[in-house]
Each structure stands twice: as C-alpha cells, then as structure tokens.
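Here are my notes, set out as numbered points. Please have the viewer open while you read.

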Amino acid sequence: MDIRYPCGFYMKILGIVGGIGAGKSTVTDIFEKNFDIHVINTDKIGHEVLLKTGKAYDMIIAEFGTAILDDDGEIIREKLANIVFCDEEKLKNLNSIMHPCIYEIVVERIKQATNEYVLIEAALLIESGFYKLADIIIGVYADEDLRIQRIMNRNNYTYEQAKDRINAQLKWKDLRDMVDIVIDNSNDIEFTTTQVIASL
C-alpha cells in the first residue's frame, strides 16, 4: 500500500508479526531508533475502541452484556478475555466487532503519517487481515522454549498458561510462509539490531 504525496514522496508500509513472546515490541523499538518510522500499535488501538467513547463499546456490550463492566461503566478487559479465551465462537464474535473498528483507525493513522515508513504492530496481523495493508511483512522468530520463559517472566504465568497462549496462536511454520523478512530474536539485542538495520 504505497501512499504518494503531492511532492512525489512515497511511504512504505511495514507489517510486523510474531507469536507471543517472540519479541515484536523489541524489534519495533529497534526500528524506531534507526529509521524514520511511525509505529501504529493495534493493541493500543484495541484498548481505545473498548473505552466508553470508543468505536466498539456499544457493540461489545450488546454482544457480551453488562457483566463485563466496572462501576464506571468501562469494559474490564480481563473479564472479556476470560469469556472468549476458551470459547472459539465467542472469540470469533469479538474479533468480528473489534477488527473492523481497529482497521478503520489504522487506515486513518496511515494517511495522517508523514514518515518514510509506517510500521503496523499487530499480534493478529494475519488473522485480522491487516497484512493486506502492508508492502513488506516482517516476521519475528524466537525459539518456543525461550518464548515460554519470556511469557512466564513477563506475565507471571505458569508453564502451562504460557504454553496455552502460544498454542492459541498461529504456528511459526504457518507465519513463515506469509513473511518477506525474518528477524531472529533468539539471541542478544546486538544480534537482533544488526538484522533489523540490514532489513530495509
């Protein structure tokens, strides 16, 4: 999705994908430090659309009821997550509400950006269809055992909880076929940084 400005300048759209614990945020930070890049974080947008003033709020309440609200009428994301995590149909319903709302905002922010690159950071870049906005898809890889350890340390999860989160997402072998560039984030930060700088 190249966007051409009146001056003839082209913006390149990047999408970044990788399983939980692979290190998408680490790689995104390195891109920000080394390139003229505007990052669009869809997780943050997802939080925005769930607010009372957000695009998805009324539809979420209509679908899941008021039991997910706190005393101020805001959606408790953890309660919502607990409802859908083990129910494939409810997760599908949630995504059918959330993804179009987030997609609309992503497109708006791409159009507002004035950087050489825009990077879309989305845990579900493929599943949501956001990858269709990108000219280049960057896959972040890390060994599964390392990912489990990172998730356990970061989220205070048990081994089984971390493994469940990984198993709920697309496998790397499936993601690998969709990406144009692979960043191996299984080693130290210098190793990862060298790959990021060489990628564009």
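1. Which residues is D184 in contact with, leaving aside its neighbours within four places in sequence? They are Y141, F191, T192 and Q195, where contact means heavy atoms within 4.5 Å. D184 has its place in strand β6 (residues 181-184); strands (E, at least two residues) and helices (H or I, at least four) are DSSP runs, numbered from the N terminus. At 24% relative accessibility D184 counts as partly exposed, a class that falls between buried (under 20% relative accessible area) and exposed (over 50%), computed with a 1.4 Å probe on protein chains only. D184 and A142 are 42 residues apart along the chain, and 6.1 Å separates their C-alpha atoms.

2. A word on the ground rules. This is a predicted model, in which local features need pLDDT of at least 70 and side-chain atom pairs count only at pLDDT 80 or more, while totals for chains, interfaces and linings use all residues. Residues are numbered from 1 along each chain as its sequence is written, and side-chain values use heavy atoms, with hydrogens and water left out.

3. Now to the rings. The structure holds 4 aromatic pairs; rings of Phe, Tyr and Trp (its six-membered ring) pair if their centres lie within 6.5 Å, and planes under 30 degrees apart count as stacked, over 60 as edge-to-face and the rest as tilted. One of the pairs is F31 with F35, a tilted arrangement at 5.7 Å centre to centre and 40° between the planes. Both F31 and F35 are buried. Ring pairs also bring in Y117, so to speak, as F31, F35 and Y117 are linked into a cluster.

4. Another tilted pair joins Y103 and F130, with 5.7 Å centre to centre and 45° between the planes. This pair links distant parts of the chain: Y103 belongs to helix α5 (residues 88-112), and F130 to the loop between α6 (125-128) and β5 (136-141), 27 residues apart. The partners differ in exposure: Y103 is partly exposed, with a relative accessible area of 31%, whereas F130 counts as buried at 2% relative accessibility.

5. The loop between α6 and β5 also holds Y131. At 25% relative accessibility, Y131 counts as partly exposed. Not counting residues up to four places away in sequence, Y131 touches L125, I126, I137 and M178. The C-alpha atoms of Y131 and I13 are separated by 9.8 Å, with their positions 118 residues apart along the chain.

6. You may like the charge-ring geometry at F85. The charged end of R165 sits over the F85 ring, 4.4 Å from its centre; the criterion is NZ of Lys or CZ of Arg within 6 Å of the ring centre and within 35 degrees of the ring normal.

7. Next, a helix pair. Two packed helices are described by the angle between their axes and the distance between the axes. For helix α2 (residues 42-50) and α5, the axes come within 10 Å and cross at roughly 115°; axes are lines fitted to C-alpha atoms, for helices over the stretch in contact, and angles run from 0 to 180 degrees between N-to-C directions. The contact is made by T42, I45, G46, E48, V49 and L50 of α2 and by M98, C101, I102, I105, V106 and R109 of α5. By class, this contact has 8 nonpolar, 2 polar and 2 charged residues, where Ala, Val, Leu, Ile, Met, Phe, Trp, Tyr, Cys and Pro count as nonpolar, Asp, Glu, Lys and Arg as charged, and the others, Gly among them, as polar.

8. I45 of helix α2 is worth a click. I45 counts as buried, at 1% relative accessibility. Leaving aside neighbours within four places in sequence, I45 is in contact with I40, I102, I105, V106 and R109.

9. Finally, a backbone point. Most residues other than glycine have a negative phi. N156 has a positive phi of about 60° although it is not a glycine. N156 lies in the loop between α7 (144-155) and α8 (159-167), and is exposed, with a relative accessible area of 70%.
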